[in-house]
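User: I've got this model open and I'd like to talk through a few of the labels people put on it. Could you take me through the reasoning?

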Amino acid sequence: MKLYLALDIASGDVAAFVGAGGKSSAMLTVADELTQAGMKVLVAPTTKMLVSEAQRIGPLITSEDAGELRMKAEEALSNAASGIVVGSGLLSKNRVGGVEPADIPSLTPLADVVLVEADGSRRRPIKGTADHEPVLPNAATLVVAVGSIRAFGAPVDQEHVHRPELFSKLTGVGAGQSITARAFAQAMAKGSLHNVPDNARTAALITGVKPGKSMADASVITRELWRFGVKKVVLTSLPDEPTRRVWLP
């Protein structure tokens with residue numbers, strides 16, 4: 001199954017990816033699948049993005065002026081590019097700065113689907129979400145919270161959790177204690193998805209899943225997510241396997 005189909009991403013969507021543990025891999029996979037399906041894709045981070053990731057999608061378009069950015073993006077997409085990444089400018093040779101969430105509505109008519117990377121996690125498998133996160137545009141029609149199965153049963157510490165103190169404050173699981181299925185689900189449902197626009201759909205994506213124990217663990221987390229009101233849950237082997245596998249529990 002294609003990941004974009006499992007997440008119900010369709011033409012006209014502004015899909016924002018939040019959370020930790022494979023967010024960028026999931027977004028890159030969806031971008032690739034959509035372009036292979038013949039759709040135009042525009043990727044717009046609202047925080048930061050690695051230039052190396054942007055280059056896997058298509059041309060990188062930057063400007064601090066919203067009007068100029070739109071004009072450049074329209075030109076790139078009309079010149080046969082199937083996917084582009086837009087940003088405010090290069091923060092370094094490795095990172096591109098995000099666009100203002102308020103500027104995204106002007107970009108949405110240019111592509112079939114807009115993908116937004118809306119927060120960071122420093123490559124940890126799960127995160128504690130700060131009050132100012134995620135940086136979501138009001139135009140978002142779908143918000144996908146991502147978490148890696150690697151976090152399940154791991155201790156709450158700097159190695160496994162981005163902002164562990166915030167994770168503990170939200171879930172009640174203290175430093176050094178094991179991350180339970182309920183805490184995992186709570187971090188996604190009440191952390192990553194706490195700031196969702198009123199009319200946006202939500203989904204949870206559990207990454208790093210394979211048949212066997214991790215699949216069984218993901219099923220336990222899925223039931224907790226359902227209890228928190230997250231009805232759409234998708235499991236994937238990303239980013240651990242080069243050949244992606246996707247399941248609907």
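User: Among contacts in the protein between residues at least 6 apart in sequence, what percentage join residues at least 24 apart?

Analyst: That share is 74%. Keep in mind that this is a predicted model. As for its elements, the protein has 8 helices and 14 strands.

User: What makes the protein as compact as a globular protein of its length?

Analyst: You set one radius against another. The globule rule gives 18 Å for 249 residues, and the radius of gyration here is 17 Å, which is close to that, so the protein counts as compact as a globular protein of that length. If you want dimensions, the C-alpha trace spans about 50 × 35 × 35 Å along the principal axes. Of the 249 residues, 55% count as buried.

User: On to the helices. Why is α7 called oblique to α8?

Analyst: Start with the geometry: the axes of α7 (residues 181-192) and α8 (residues 213-227) cross at roughly 50° and come within 8 Å. Roughly parallel needs an angle under 35 degrees, and roughly perpendicular runs from 65 to 115. The crossing angle of roughly 50° fits neither class, so α7 is oblique to α8. The crossing itself is right-handed.

User: Which residues make that contact, and how do they divide by type?

Analyst: From α7 you have Ala181, Arg182, Phe184, Ala185, Met188 and Ala189, and from α8 there are Val220, Ile221, Glu224 and Leu225. They divide into 8 nonpolar and 2 charged, with no polar ones.

User: And what makes α6 roughly perpendicular to α7?

Analyst: Helix α6 (residues 164-171) packs against α7 at an angle of about 95°, with the axes 10 Å apart. The roughly perpendicular class covers 65 to 115 degrees, and about 95° falls inside it, so α6 is roughly perpendicular to α7. On the α6 side, Phe167, Leu170 and Thr171 meet Ala183, Gln186, Ala187, Lys190 and Gly191 of α7. That contact divides into 4 nonpolar, 3 polar and 1 charged.

User: Gln186 turned up there. How do you know whether Gln186 is buried or exposed?

Analyst: You check its relative accessibility, which is 14%. Buried means under 20%, so Gln186, at 14%, counts as buried. Gln186 sits in helix α7. Leaving out residues up to four places away in sequence, Gln186 touches Leu170, Thr171, Gly191 and Phe228.

User: What about Ile206: why is Ile206 called buried?

Analyst: Same cut-off of under 20%, and Ile206 has a relative accessible area of 0%, so Ile206 is buried. Ile206 belongs to strand β12 (residues 201-207). Among the residues Ile206 touches, not counting those up to four places away in sequence, are Phe184, Ile221 and Leu225. Phe184 and these two α8 residues, Ile221 and Leu225, also take part in the contact of α7 with α8.

User: Last one: why does Asp8 count as partly exposed?

Analyst: Partly exposed lies between the buried limit of 20% and the exposed limit of 50%. Asp8 has 42% relative accessibility, so Asp8 counts as partly exposed. You'll find Asp8 in the loop between α1 (3-6) and β1 (14-19). Leaving aside neighbours within four places in sequence, Asp8 is in contact with Asp13, Arg201 and Lys232.

Note on methods: Residues are numbered from 1 along each chain as its sequence is written. This is a predicted model: local features need pLDDT of at least 70, side-chain atom pairs count only at pLDDT 80 or more; totals for chains, interfaces and linings use all residues. Side-chain values use heavy atoms; hydrogens and water are left out. Axes are lines fitted to C-alpha atoms, for helices over the stretch in contact, and angles run from 0 to 180 degrees between N-to-C directions. Helices (H or I, at least four residues) and strands (E, at least two) are DSSP runs, numbered from the N terminus. Angles under 35 degrees count as roughly parallel, over 145 as roughly antiparallel, 65 to 115 as roughly perpendicular and the rest as oblique. A crossing is left-handed if the near helix is turned anticlockwise from the far one by less than a right angle, and right-handed if clockwise. Contact means heavy atoms within 4.5 Å. Ala, Val, Leu, Ile, Met, Phe, Trp, Tyr, Cys and Pro count as nonpolar, Asp, Glu, Lys and Arg as charged, and the others, Gly among them, as polar. The radius of gyration is taken over C-alpha atoms; the globule rule is 2.2 Å times the number of residues to the power 0.38. Buried means under 20% relative accessible area, exposed over 50%, partly exposed in between (1.4 Å probe, protein chains only).
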